[in-house]
Amino acid sequence: MLALLFLMALLLPSRAGAEEIIGGVEAKPHSRPYMAHLKIITYQGLEDSCGGFLITRQFVLTAAHCKGREITVTLGAHNLSKIESTQQSIRVENQIVHPKYSIYSNLHDIMLLKLQNKAELTPVVDVIPLPGPSDIIKPGKMCWAAGWGLTGVNKPTSDTLREVELRIMDKDACKIYRHYDYNFQVCVGSPTMLKSVYMGDSGGPLVCAGVAHGIVSYGREDAKPPAVFTRISSYMLWINKVLKGK
Ligand SMILES: *[C@@H]1O[C@H](CO)[C@@H](O)[C@H](O)[C@H]1NC(C)=O
């Protein structure tokens, strides 16, 4: 039971321990047109938030632990405290969690959201490409994470989108996480840097050379890197199956 509670504290929605951007900067408004903000009503009736990203006009990719009773996706946003004319808010019709997702190990932390209506593609709302099934991101590469999550332990969430550049780490750096699995997860963020994702960033993308390679999954409660991201290339067969409506 204790182990479970500990893991729960490590999951990344904004309420409990979702990842927020630490050590990053405010993104240039609308420079990441695939970014989605998820407003979640949890099964307990509480409000929560996560990140996500648009992969087709009707599907957003996010983390399975962001599932809730109800989700509304906002696209085209920069400052969430403003009613921006670029914003499109769309209800989620179907939350499709990976069939092997486990809340105990947090493995297979990936979920597709089918939107009630197709997003309108504009200069500030667009899709991001995904990797091929064998396109595996290598340790040493530098990638970007973005989100509206907390900017530090005991700090509030950000109303504007923030981004941070992070190094892809060797699998040994994530040995501190008991259930870390290199085949399904990417280990991200140098332990020597005060840069990471944190609560509220969950579900957001890891972008390497314009391709979404990872999904913010979990990290340490004290926000020290590295953090664990879901490895998207390992799920391309499942993603393509769901997109084709099978
Ligand atoms: C976001 O918008 C709100 C409301 O207009 C404003 O008070 C706040 O300063 C803005 N945030 C940033 C970081 O610009």
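Visitor: Hi! Is Pro 139 buried, partly exposed or exposed?
Guide: Hello! In this predicted model, Pro 139 is partly exposed, because its relative accessible area is 35%, which falls between the 20% and 50% cut-offs.

Visitor: Where does Pro 139 sit along the chain?
Guide: Look in the loop between β7 (111-115) and β8 (142-147); that is the place of Pro 139.

Visitor: And what is Pro 139 in contact with, leaving aside its neighbours within four places in sequence?
Guide: Pro 139 is in contact with Ile 168, Met 169 and Asp 170. You can also find Val 188 in the view: the C-alpha atoms of Pro 139 and Val 188 are 8.8 Å apart in space, with their positions 49 residues apart in sequence.

Visitor: What about Asp 135, where is that found?
Guide: Asp 135 is found in the loop between β7 and β8. With a relative accessibility of 37%, Asp 135 counts as partly exposed.

Visitor: Which residues is Asp 135 in contact with, again leaving aside neighbours within four places in sequence?
Guide: They are His 213 and Ser 233. As for Ser 31, its C-alpha atom is separated from that of Asp 135 by 25 Å, and the two are 104 residues apart along the chain.

Visitor: New topic! Is His 108 buried or exposed?
Guide: His 108 counts as buried, because its relative accessibility is 10% and the cut-off for buried is under 20%. Its place is in the loop between β6 (88-97) and β7.

Visitor: Which side chain has a polar contact with the side chain of His 108?
Guide: That is Tyr 235, at 2.7 Å. Not counting residues up to four places away in sequence, His 108 touches several others too, including Ala 64, Lys 100 and Phe 184.

Visitor: Now the ligand. Which residues surround it?
Guide: The ligand has Asn 79, Ser 81, Lys 82, Asp 159 and Thr 160 around it. The protein covers 45% of the 360 Å² of accessible area that the ligand has on its own.

Visitor: How many of the shell residues are polar, and how many are charged?
Guide: Three are polar and two are charged, with no nonpolar residues in the shell. For Asn 79, a polar side-chain atom lies 2.3 Å from an oxygen atom of the ligand. In the side chain of Asp 159, an N or O atom is 3.3 Å from a nitrogen atom of the ligand.

Visitor: Last one: what pLDDT does the chain average?
Guide: The average is 89, and 91% of the residues score at least 70. Over residues 1-20, though, pLDDT stays under 50. Where pLDDT is low, predicted coordinates should not be read in detail.

Notes: Residues numbered from 1 in each chain as written. Predicted model: local features only at pLDDT ≥ 70, side-chain atom pairs only at ≥ 80, totals over all residues. Heavy atoms only, no water. Helix = DSSP H or I, 4+ residues; strand = E, 2+ residues; numbered from the N terminus. Buried < 20%, exposed > 50% of the residue type's maximum accessible area, 1.4 Å probe, protein only. Contact = heavy atoms within 4.5 Å. Near = heavy atom within 4 Å. Polar contact = N/O pair within 3.5 Å; in protein donor to acceptor, adjacent residues only side chain to side chain. Areas by Shrake-Rupley, 256 points an atom, 1.4 Å probe, with all protein chains shown as cover. Nonpolar A, V, L, I, M, F, W, Y, C, P; charged D, E, K, R; others polar. pLDDT = per-residue confidence, 0-100.
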